[in-house]
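Student: Got a minute to go through a model with me? I'd like to start with packing and then jump around a bit.
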Amino acid sequence: MRLDGRRRSSNVSDRRGLSGRTVGIGGGIIGVIVAGIITLLSGGDMGDVLGTVLNQAGNTSYATQDYQPDAEDERLADLASKVLAGTEDVWTAEFRKQGWGEYRCPKLVLFTGAVQSGCGNATSQVGPFYCSADETVYIDLDFFKQMQSQIGASGDFAYAYVIAHEVGHHVQHLLGTLDQAHEQMARLPERESNRISVRLELQADFYAGVWANRDNAMFGSLEPGDVENAINAASKIGDDYLQRKATGREMPDSFNHGRSSQRVAWLSRGIRTGDPLQGDTFSPSYDSL
């Protein structure tokens, strides 16, 4: 991914190396395996779900005063800041084009080990997540290293996809989709609530693809192999893939991010069309997503 010469976002807060008392949770943005159990890679369910998980979790202490970033950590921090800036440019233009009003840029917090968010305390085991309460994306950059070591997904554009997916949840928040979906989820049985969560996650994947299309049009950012790396990442974070890897079987009623094939399809659709109006994941029947 070409990022040389690109501006860095001014909306990044670097909290790496700070410490705090936290609770271990597993909620949020996209699916990953941590300590042999399925947690989420993309911070998908965000505020409401994070609160629910916090109520179920036990307290633990987590300190990171000894953190010393290496060259790769600094490179990834630079990448994250430039990718966030790209999402700011793309979605500011798209909101104006679509008549959605002014785009309010989210913040990005970089942390190590643990963080206090507007949605509660979290450890890095939760993976990257978006909190609508403070309109902020949170990420421990070690997650990108874990993507490669744990699920075989790597490449700068794959990492950018993770950030763009979280920003996709911010877009949903600004458009009112996120709050409406969470209100419905709170009233429904678990199986039906999970299905709405899948619709949210697939739309966030689609919005990540839209960003990639428009960012490339603005800056010529995509290089050969970039799209393939992102598609590979999407295929490795489907609920079916992660459940089989963790438990040897699938539990479809517990899916809350979507199958690998669905995540690949909606990300690909966004990359192909670059049109945010073609990402309606709520009208089609669930089985046709």
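Tutor: Sure. One term before we start: a contact here means heavy atoms within 4.5 Å. And keep in mind that this is a predicted model.

Student: OK, so what does Y161 touch, leaving out residues up to four places away in sequence?
Tutor: Y161 touches D205, A208, A230, A233, A234, I237, R263 and L267.

Student: And which residues touch the most other members of the largest nonpolar core?
Tutor: Y161 is one of them, along with W91, L141, F144, M147, F157 and W211. That core has 59 residues.

Student: What lies apart from it?
Tutor: Another core, of 9 residues, with V109, V115, V126 and Y138 among them. As a general point, nonpolar side chains in soluble globular proteins tend to be buried together.

Student: How much of the chain is buried overall?
Tutor: Buried residues make up 55% of the 289 residues in the protein chain. The chain has 9 helices and 10 strands. Of the contacts with a separation of 6 or more, 76% are between residues 24 or more positions apart.

Student: Back to R263 and L267, the ones Y161 touches. Which residues of α9 are buried?
Tutor: Both R263 and L267 are on that list, and the others are S260, Q262, V264, W266, G270 and I271.

Student: What span does α9 have from its first C-alpha to its last?
Tutor: Helix α9 covers residues 260-273, 14 residues, and reaches 20 Å, close to the 20 Å expected at 1.5 Å a residue. After α9 comes G274, with a positive phi near 65 degrees.

Student: Speaking of positive phi, which residue has one although it is not a glycine?
Tutor: E135, at about 50 degrees. E135 sits in the loop between β9 (129-131) and β10 (136-139).

Student: Is E135 buried or exposed?
Tutor: E135 has a relative accessible area of 16%, so it counts as buried, the cut-off being under 20%.

Student: Switching to pockets. How much space lies in the second largest one?
Tutor: About 150 Å³.

Student: Which residues line that second largest pocket?
Tutor: L175, T177, Q180, A181, Q184, Q203, Y207, D280 and F282. The elements giving two or more residues to that lining are α5 (177-187) and α6 (190-219), and α5 has the largest share, 4 residues.

Student: And what's the lining like by class?
Tutor: It has 4 nonpolar, 4 polar and 1 charged residues.

Key. Residues numbered from 1 in each chain as written. Predicted model: local features only at pLDDT ≥ 70, side-chain atom pairs only at ≥ 80, totals over all residues. Heavy atoms only, no water. Core = buried A, V, L, I, M, F, W, Y, C linked by side-chain atoms within 4.5 Å. Buried < 20%, exposed > 50% of the residue type's maximum accessible area, 1.4 Å probe, protein only. 1 Å grid on protein atoms, 1.4 Å probe; cavity = no way out; pocket = protein on both sides within 12 Å on 5 of 7 lines; lining within 4 Å. Points joined across faces, edges and corners; volume = space filled by probe spheres on them. Nonpolar A, V, L, I, M, F, W, Y, C, P; charged D, E, K, R; others polar. Expected span 1.5 Å × (residues − 1).
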